Amino acid sequence: MKTKKRLALLAVCLLVVALLLLLLGNEQLARTAHLALLGRSADMDVSCYERPAGEHSFPRFDPAEERVRLAGGRNIFFHETSCFAGEGDDGAGAGAEAEAEAELNCRQACAVESAARLNPGMSVNLLFLSAAGPSNRTAGLVDQLLRYGNVRVMRLLVAEYLRDTPLERWFAEGRVLRTSYWPRSHMSDVLRYLTLWKFGGIYLDLDVVVTRSLEDLSNFAGAEDWMDVAAGVIGLAANGLGRRVADACLRDLMRNFRGNLWGNNGPGVITRTLQKFCAVEHAKDMTTERCSGFQVFPPSAFYPIFYKEWRRYFTMIDSNETMQMIEEARAIHVWNKLSASEVVRVGSEVPYALLAQKHCPRIYNSCGPYF
């Protein structure tokens with residue numbers, strides 16, 4: 001009961017802070033507080049990270065073996081850092097671990113299919129941290145994804161993945177899992193930079209739909225607005241410029257990690273790193289010339305719809321205008337923290353449904369009445 005009261009009090013405090021920041025005009029900090037409030041309650045249990053895999057869990061991702069297969073850097077990575085019902089200790093009881101089932105929803109599966117379909121020359125890797133096997137529905141979606149020869153779905157062991165990396169000792173100190181208010185989200189932040197450091201390639205959030213090939217890109221990120229760089233789409237080569245940026249990102253992550261600041265360890269890392277690397281403050285000034293060849297795309301490339309206007313993806317109002325806004329994008333980010341509960345009927349003509357029907361057709365047509 002004490003824990004629940006503390007969580008409730010924290011939620012109230014975060015809401016008050018968000019409202020105060022909005023009144024004061026600090027939109028960026030207000031947005032961070034608002035998103036943090038949305039994700040806080042469901043983001044705490046990470047007990048599955050070190051559990052042994054169950055009999056029907058995903059195949060194990062062995063970093064040593066994968067280093068050879070992924071050495072070329074032509075890789076795309078997605079991470080699912082959730083623990084699922086039955087994996088925790090709170091009242092689960094004996095045998096709960098066997099009952100836990102890993103879940104991948106249709107929108108997440110769409111992200112993976114769109115990446116695989118439009119980038120056939122790249123290895124697309126979906127890595128789960130959960131030790132559970134997939135539910136029947138998830139197994140069906142995974143089967144659809146595995147029909148693409150460049151897709152693999154595997155289970156990542158945290159301690160093994162961190163071994164012999166610059167983050168191993170730092171992570172073992174417990175700052176992420178023991179001090180973070182949002183450990184699942186912050187683990188996702190850690191993994192995106194560590195994965196690009198280990199293998200090179202492109203990291204994508206699971207609420208991204210790829211709409212054009214990314215195969216010609218290397219060493220890039222996208223601005224969310226003209227002030228900040230976002231962390232939902234990042235590409236770093238395995239050596240040279242990409243490796244230097246990856247090294248700098250890991251150093252920044254260890255130096256500036258804050259468990260009580262939701263966005264500090266994701267977009268904060270790449271923004272601060274590029275501010276130093278390019279010797280400018282704002283994303284709009286991060287030209288390839290200033291950044292030694294690193295490319296920061298404008299918001300129209302990956303975030304054509306600003307987070308405040310996320311509903312554009314889910315409504316017929318001004319839908320033609322919305323489709324024109326995203327016509328030249330290489331990918332679109334649908335702001336899942338805000339839009340997850342928005343219902344989309346299969347066959348609808350809202351922009352998100354049209355994009356899914358075109359770019360992830362196998363998943364879209366396997367989801368039943370709702371996407």
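Let me begin with one pairing: the bridge partner of A221 in β10 is V296. The structure under discussion is a predicted model, and that pair offers a convenient entry into its sheet.

A221 belongs to strand β8, which covers residues 220–223. Strand β10 comprises residues 295–297, and it runs parallel to β8, with 3 bridges joining the two. On β8 there is also a pairing with strand β9, residues 229–236, again over 3 bridges, but here in the antiparallel sense. Within that second pairing, F220 stands opposite G235 of β9. The connection from β8 to β9 is a hairpin, and 5 residues make up the link.

Let me now place these strands in the complete sheet. In what order do the strands of the open sheet lie? The order is β5-β3-β1-β6-β9-β8-β10, which gives 7 strands with mixed pairing. The edges are occupied by β5, residues 151–155, and by β10; each has a single partner strand, so one side of each is left without a neighbour in the sheet. On average, neighbouring strands of this sheet are turned by 25 degrees against each other, with direction ignored.

At the β5 edge, the partner is strand β3, residues 123–128. These two strands run parallel and are joined by 5 bridges. One of the pairs there is L126 with V153, the latter being the bridge partner in β5.

I turn to the helices. Helix α5, residues 106–118, packs on the sheet and touches β1 (75–80), β3, β5 and β6 (201–204). The direction of α5 makes about 175 degrees with that of β1.

Helix α5 also has a helical neighbour, α6, which spans residues 136–146. As a general matter, two packed helices are described by the angle between their axes and the distance between the axes. For α5 and α6, the axes come within 10 Å and cross at roughly 15 degrees. An angle under 35 degrees counts as roughly parallel, and the two helices are therefore roughly parallel to each other. Their crossing is right-handed.

Which residues form this contact? From α5 there are C106, A109, V112 and E113, and they meet R137, L141 and L145 of α6. By class, the residues of the contact divide into 5 nonpolar and 2 charged, with no polar ones.

I shall close with the loops, where some backbone angles deserve attention. A279 is not a glycine, yet its phi is positive, at about 60 degrees. This residue lies in the loop between α12 (267–278) and β10. Is A279 buried or exposed? A279 is exposed, its relative accessible area being 60%. The loop between α12 and β10 also holds S292. For S292, phi is near 55 degrees, again a positive value in a residue other than glycine.

A further loop, between α14 (319–325) and β11 (331–333), contains E327. E327 has a relative accessible area of 56% and is exposed. In sequence, E327 and P304 are 23 residues apart, while their C-alpha atoms are 9.2 Å apart in space.

To return to the starting point: A221 has V296 as its bridge partner, and the strand that contributes V296, β10, stands at an edge of the sheet. The loop leading from α12 to β10 is the place of A279 and of S292.

Notes:
Residues numbered from 1 in each chain as written. Predicted model: local features only at pLDDT ≥ 70, side-chain atom pairs only at ≥ 80, totals over all residues. Heavy atoms only, no water. Pairing = 2+ DSSP bridges. Helix = DSSP H or I, 4+ residues; strand = E, 2+ residues; numbered from the N terminus. Axes fitted to C-alpha atoms, helices over the stretch in contact; angles between N-to-C directions. Contact = heavy atoms within 4.5 Å. Buried < 20%, exposed > 50% of the residue type's maximum accessible area, 1.4 Å probe, protein only. Parallel < 35°, antiparallel > 145°, perpendicular 65-115°, else oblique. Left-handed = near helix turned anticlockwise from the far one by under 90°. Nonpolar A, V, L, I, M, F, W, Y, C, P; charged D, E, K, R; others polar.
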